[in-house]
Structures are given as C-alpha cells and as structure tokens.
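Trainee: I've got a model to go through and I'd like to know what backs up the labels people put on it. Can we take it step by step?

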Amino acid sequence: KNRTRIKKKIMKTKITLIAAKIDKTVEYSSDYYFKLYLNDDKQFPSRYLTSSGVDDCLKKIFEHSLKVDKNWSFPTIVDARVVQEKKETVCEITYTCYMPSVSKIEKTGKFYSRQQLDQLELKVDPYYAKLISRQAGSVY
C-alpha cells in the first residue's frame, strides 16, 4: 500500500496589544486626551503565543514595552481574526487596555496623539481603528 502522509500545519496565534492613555485633566476634544502606544517599529506590540500561555505572552509584551504590570492595566480581549502574514495563516487575538495618563511609562516606543500620528503620516489600520472606536468611543 502506498500511503501519502499529509503534514498538517498548525496555525500560529499572535497576541496584539492596543494600549492607550486617557488624560482626564484635559478636555475630551483635546488632542492630548487620548494617545495610542506604538512600539519602536511604529506598530502595536505583538508576540506569538507559545506553550507558556496567553497570560505569559501578554506579560512579556508589557515587560518589553511598558513600565506597568499587566495586571494593573487590565488588558481585555476585544476580537480575533485570521490573517495572512508572510504566506502563513495566523490567528490574531487583539487585546486593549486603557490607563490613566502617567508620564514616562514607556520602556520602548511612545504614546502618540492623533495629531502626532497625522504629522508622521502613520495610519491606524481600519481593523484596529474599529476596535479602538468600539472600546473607547474615540475619534480614531
């Protein structure tokens, strides 16, 4: 008998974090009221899930990006989707967290206002913009 083995590919899972600061000391209409965190590559931080689990994955994203503990910021799952990345199918699970405006909490990257994003000609992917709007009611 000639049996052909089919190798099944396991889909990778990527955890993406949308972190934002809300400064309630300024007017809601101010450009500084709501800021999004982007890493040094001007992307939302993400990491592939390993056997250590989701909590560990999120913890590592926070440890690399911000000077706050994951548990302090209460990351909340907002959506999941399947995307193509470099010819691979990936399941992306997106979390958001909104925190008070605390200065110098970035280890890497930076928090950007909408005006700063526009000046740098950085566009938030429409998928992420929808998630942000749904969670924060922001103008993104």
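Trainee: Which residues in helix 1 are buried?

Mentor: Keep in mind that this is a predicted model. In helix 1, the buried ones are C57, L58, I61, F62 and S65. Each gets that label because its relative accessible area is under 20%.

Trainee: What puts them on the same side of helix 1?

Mentor: Their arc around the axis is only 135°, so they sit on the same side of helix 1. The general rule fits in here: an α-helix has 3.6 residues a turn, so residues three or four places apart point the same way.

Trainee: And what is exposed on the other side of helix 1?

Mentor: D55 and H64. Exposed means over 50% relative accessible area, so both of them pass that cut-off.

Trainee: What do the buried residues of helix 1 pack against?

Mentor: Quite a list: strand 1 (12–22), strand 2 (34–38), strand 3 (46–48), helix 2 (70–73) and strand 5 (88–100).

Trainee: How do you know that strand 1 and strand 5 are paired?

Mentor: Pairing takes at least two bridges, and 11 join these parallel strands, so they count as a pair. One example is T13, whose bridge partner in strand 5 is C91.

Trainee: What makes strand 4 and strand 5 a pair?

Mentor: Set 9 bridges against the required two: strand 4 (residues 76–85) therefore pairs with strand 5, in the antiparallel sense. Here V82 stands opposite C91. In their hairpin, with 2 residues between the strands, K86 takes a positive phi near 50°.

Definitions and conventions: Residues numbered from 1 in each chain as written. Predicted model: local features only at pLDDT ≥ 70, side-chain atom pairs only at ≥ 80, totals over all residues. Heavy atoms only, no water. Buried < 20%, exposed > 50% of the residue type's maximum accessible area, 1.4 Å probe, protein only. Helix = DSSP H or I, 4+ residues; strand = E, 2+ residues; numbered from the N terminus. Arc of directions from axis to C-beta. Contact = heavy atoms within 4.5 Å.
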